[in-house]
Amino acid sequence: MALTRGQRAGWGLADMGIVVFVMVKQLLVLDFLTNYLGVPVHIAGFVTTGILIFDIITDPLIGYFSDRTQSRFGRRAPWIAVGAVVLVAGMVGMFAAPAAPEAGAWVGPVTWLDGFFILATIGFTMAAIPYSATAGEMTQDPAERSRMLAWRMVFASLGILIGGGLVPLLAGGTREGHLSAMLMMAPVVLLSIWASLYFTRNAPRVSAATSLTPARMVRLVVSNRPFIVLVILYGLLSLAIAQITAGLPFAARYLVSDGASSPAGMAGIAGGLPILTLLFAPFVLGAMGSQPLWAMLSIRLSKLTAIVLGVAFYGCVLFGLWLALPSENLAIMMGLMGLAGVANGAYQAIPWAMYPDLMDVTRAQSGEAIEGGFSAVWLFGQKVANALAPALLSGVIAARGWRETTQGTTEQTPEALLALQVAMTLVPMGLLLLAILGFLFLYRPLAGQVLARV
């Protein structure tokens, strides 16, 4: 049965709320700890990474339990509905962390934030893993699935714009402002996920719970070798993007400013909006506007060729950013971020269209519907990357003497600023190059054995 346009769009709507949290944890947590709670950057990176590793551990459990759930609403909906509530409660609680009573007394605030961060990640996993699994349940038609994913990309881009552009604007550069921003975001996240469940309530779904043991489920997923290679390569791409994202708030404070070289009128815009918001807006618009391009290239050239082209273009843009930073020309930086958004559109869309094709191979061979297991492993690579990025970034800049503060900004040494520049341009470039080599020399031979067109 073909899906209606409302069902396809409704399915994609949930990702807007999910991605808002992804942006908050990637963009703001490390920055909030270092620049508003006064936590030394290496400790902040360790704390953030530790909690995100905990998030990874919960993925296979939620995937397994959602595959085995039986209810009148299906296997996934109960997890998604409850997970959304847990997620928003944790989001708000994180940024309600009290100020340190005195300089250096950051243990109490960090403990508070950590507790609610763990709660938010549990809610995120409860919602995101079953949600991703529904893409494989609702249809097995590749064309239909591509249309679903196109809607998902539209709403994911809106989530990036809200989480990366609007939230910093609402936060207003203060500790208290971050809490106010989360209170305003809570209904956006909750209602987008719940509305998605409503719009897809009559869509096809697999109601029968799998009887596989966890060990058998893992063996089935791992035996799909091209899928596992794709997970690893997607993880490399995610690590590169997460590295850029984690460093962007720091770059907006210390590496980008509006000077006399910017066009007339730009200073007035910069004076009214945070630089982080101004950098994120063209990034998101570039990602949204590029979706038809990447869809066309995927059809005409193949998904593999399209993702390789997109990743290569991303590397070129990062090299341009390396040359441009530090910059007093905000217009040039906004242009480069727009190009980065175009490249990011390939990362957002194409891998998500590739992995269900491989999931279908295992279902056809085994007869088992274990989309939750595949979804958990698929997001595993992304979550490992998101967990490692704060530690990697903070380790690089801490080694060069980065200074924490509770005032938003403080003076940094030239060595620390150079380390930041390297960490968010040249390091991701190297990761993207590794991913390209992996796609060409590892993934292509394996996928060609099981898929008709690679």
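This briefing describes selected helices, side-chain contacts and surface features of the structure shown above. The model is predicted. A search of the whole structure finds 4 salt bridges, and three of these pairs are described below along with several buried polar residues, one helix with distinct faces and one nonpolar surface patch.

**Salt bridges**

- Arg152 and Asp15 are joined through their side chains in a salt bridge, with an N to O distance of 3.2 Å. This pair links distant parts of the chain, since Arg152 belongs to helix α5 (residues 142–171) and Asp15 to helix α1, 137 residues apart.
- Both partners of that bridge are buried: Arg152 has a relative accessibility of 7%, and Asp15 has a relative accessible area of 4%.
- A salt bridge with an N to O distance of 2.6 Å connects the side chains of Asp357 and Lys303. Here too the pair links distant parts of the chain, with Asp357 in helix α13 (residues 330–366) and Lys303 in helix α12 (residues 303–324), 54 residues apart.
- Asp357 counts as buried at 17% relative accessibility, because the limit for that class is under 20%. Lys303, at 24%, counts as partly exposed.
- The side chains of Arg175 and Glu176 also meet in a salt bridge, at 3.2 Å from N to O. Arg175 is partly exposed, with a relative accessible area of 21%, and Glu176 is likewise partly exposed, at 47% relative accessibility.

**Buried residues of helix α1**

- Asn35 is placed in helix α1, which covers residues 5–35. Its relative accessible area is 0%, so Asn35 is buried.
- The side chain of Asn35 makes a polar contact of 2.6 Å with the side chain of Asp31.
- Apart from neighbours within four places in sequence, Asn35 is in contact with Phe250, Arg253 and Tyr254, and also with Thr405, Thr406, Gln407 and Gly408.
- Gln26 is a further residue of helix α1, and at 15% relative accessibility Gln26 counts as buried.
- Gln26 touches Ala242, Thr245, Ala246 and Asn386, when residues up to four places away in sequence are not counted.
- Between Gln26 and Gly163 the C-alpha to C-alpha distance is 9.8 Å, although 137 residues separate them in sequence.

**A buried glutamine in a loop**

- Gln412 is situated in the loop between α14 (371–398) and α15 (414–423). With a relative accessible area of 8%, Gln412 is buried.
- A polar atom of the Gln412 side chain lies 2.9 Å from the backbone nitrogen of Arg403.
- The residues touched by Gln412, not counting those up to four places away in sequence, are Tyr254, Gly401, Trp402, Arg403 and Leu417.
- Tyr254 is thus among the contacts of Gln412 and also among those of Asn35.

**The two faces of helix α11**

- Helix α11 spans residues 291–301, and its buried residues include Gln291, Trp294, Leu297 and Ser298. These four lie on the same side of α11, because they cover an arc of only 130° around the axis.
- Exposed residues Pro292, Ile299 and Arg300 are carried on the face of α11 that is turned away from the buried side.
- Ser302 follows α11 and has a positive phi, near 110°.

**A nonpolar surface patch**

- Leu433, Leu434, Leu437 and Phe441 form a nonpolar patch on the surface, and their accessible area together is about 420 Å².
- Phe441, one of the patch residues, lies in helix α16 (residues 426–448). Phe441 is exposed, with a relative accessible area of 59%, because a value over 50% places a residue in that class.

**A buried serine in helix α2**

- Ser66 is found in helix α2, which comprises residues 41–68. At 0% relative accessibility, Ser66 counts as buried.
- The C-alpha atoms of Ser66 and Ala96 are separated by 31 Å, and the two residues are 30 places apart along the chain.

Note on methods:
Residues are numbered from 1 along each chain as its sequence is written. This is a predicted model: local features need pLDDT of at least 70, side-chain atom pairs count only at pLDDT 80 or more; totals for chains, interfaces and linings use all residues. Side-chain values use heavy atoms; hydrogens and water are left out. Buried means under 20% relative accessible area, exposed over 50%, partly exposed in between (1.4 Å probe, protein chains only). The arc is that of the directions from the helix axis to the C-beta atoms. Patches are made of residues with over 30% relative accessible area and no salt bridge: like charges are joined within 9 Å, nonpolar side chains (Val, Leu, Ile, Met, Phe, Trp, Tyr) within 5 Å. Accessible areas come from the Shrake-Rupley method with a 1.4 Å probe; for residues, only the protein chains shown count as cover. A polar contact is a pair of N or O atoms within 3.5 Å; within protein, one must be able to donate a hydrogen and the other to accept it, and residues adjacent in sequence count only if both atoms are side-chain atoms. Contact means heavy atoms within 4.5 Å.
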